[in-house]
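Let's take a friendly walk through a protein model together. Keep the structure open beside you and look up each residue as we come to its name.

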Amino acid sequence: MRGFVRLLPLLTVLVLLAGCGGEPMGSYPLDGGMTCQTYGSETGLSRLEITTASGETVRFSLPRATLEPNPAGGFELVDMNFDGHADLRVAYKKMANGDMRYTCFLWQEDGVVKSEQLSALRGMEIDAKAEVLTAWDRYVIPEEHESRSRTRYMWQDGTLWAVEKRELLYYPEEGVYCLIDSAAVPGEALTVQDERWIFPEKFDENEIWN
């Protein structure tokens, strides 16, 4: 019991720190009479507060952000599922190759919900006209190969489906590349459509991604 009493001051400090989500950064109107208040700093947000039309407030904690100074703290209102309502996207990390990581929330009539599917995408680009999302990924298997891929997604009945993928593999020991193209219709798994090897003297990265 005495040990617990000694811990009380520390627990109080921790609770206060947990509730401290940075300074107010901005207030944004959402469809349905809701508002979003952001907290944090110009180098990244730490918390969102969504207030519904009925006055109920829901708080969302965000991953620790490490961004270049940005007046909005990395916050955007953008329609990511093409339903005509602005959703919430919060940048929190810029990868070494320039790809951005985001935490994404989709608008609903009674609030917003975090989208694990969208939040898992890296370097997400939005094409509202084509209703397509594009994401990039990169990984390295030491002493085997390096991979850089571009995947395009479309929505069907509220589910995000990969419909096209281009992956470039580089094998440093042999000094050659392998380009793999896959495709699918929404609702089905990607299948390989083409695979070809490229030797260094014919390699043009701009041509591959454009």
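A nonpolar core is a set of buried Ala, Val, Leu, Ile, Met, Phe, Trp, Tyr and Cys residues joined through side-chain atoms within 4.5 Å. Buried, in turn, means under 20% relative accessible area, while exposed means over 50%. Please remember as you read that this is a predicted model.

## The cores

Which residues touch the most other members of the largest nonpolar core? They are Leu118 and Leu133, in a core of 18 residues. At least two residues of this core come from each of β7 (100-108), β10, β11 and β12. The largest share belongs to β7, which supplies 4 residues.

Take a moment to find Leu118. Leaving aside residues up to four places away in sequence, Leu118 is in contact with Met80, Cys104, Leu106, Met124, Leu133, Trp155 and Leu160. Apart from this core lies another one, made of 15 residues, and its members include Leu30, Cys36, Leu48 and Phe105.

Next, look for Ser115, which sits in the loop between β8 (111-114) and α2 (116-119). Is Ser115 buried or exposed? Its relative accessible area is 8%, so Ser115 counts as buried. Once residues up to four places away in sequence are set aside, Ser115 touches Cys104, Phe105 and Leu106.

## The largest pocket

Now let's turn to an open space. The largest pocket holds about 160 Å³. It is lined by 15 residues, and the closest to its centre are Trp136, Asp137, Ser149, Thr151 and Tyr153. Three elements give two or more residues to this lining: β10 (132-141), β11 (145-156) and β12 (159-171). Of the elements, β10 gives the most, with 5 residues. Sorted by class, the lining has 6 nonpolar, 3 polar and 6 charged residues.

## Salt bridges

How many salt bridges does the structure hold? There are 8. Here are some of them, with the distance between the closest N and O atoms.

| Residue | Partner | N to O distance |
|---|---|---|
| Arg47 | Glu49 | 2.9 Å |
| Arg59 | Glu49 | 3.0 Å |
| Arg166 | Asp181 | 2.7 Å |

Start with Glu49 and Arg47, whose side chains meet in a salt bridge. Both Glu49 and Arg47 are buried.

Glu49 also forms a salt bridge with Arg59. This pair links distant parts of the chain, with Arg59 in strand β4 (residues 57-61) and Glu49 in strand β3 (residues 44-51), 10 residues apart. Why does Arg59 count as exposed? Its relative accessible area is 56%, and the cut-off for exposed is over 50%. Glu49, by contrast, has a relative accessible area of 12%, so Glu49 is buried.

The salt bridge between Arg166 and Asp181 also links distant parts of the chain: Arg166 lies in strand β12 and Asp181 in strand β13 (residues 176-183), 15 residues apart. Arg166 is buried because its relative accessible area is 17%, which is under the 20% cut-off. Asp181 counts as buried too, with 16% relative accessibility.

Finally, Asp99, Arg122, Asp137 and Arg148 are joined into one network by salt bridges that share partners. You have already met one of these residues: Asp137 is among those closest to the centre of the largest pocket.

Definitions and conventions
Residues numbered from 1 in each chain as written. Predicted model: local features only at pLDDT ≥ 70, side-chain atom pairs only at ≥ 80, totals over all residues. Heavy atoms only, no water. 1 Å grid on protein atoms, 1.4 Å probe; cavity = no way out; pocket = protein on both sides within 12 Å on 5 of 7 lines; lining within 4 Å. Points joined across faces, edges and corners; volume = space filled by probe spheres on them. Nonpolar A, V, L, I, M, F, W, Y, C, P; charged D, E, K, R; others polar. Buried < 20%, exposed > 50% of the residue type's maximum accessible area, 1.4 Å probe, protein only. Contact = heavy atoms within 4.5 Å. Salt bridge = Lys/Arg side-chain N within 4 Å of Asp/Glu carboxyl O.
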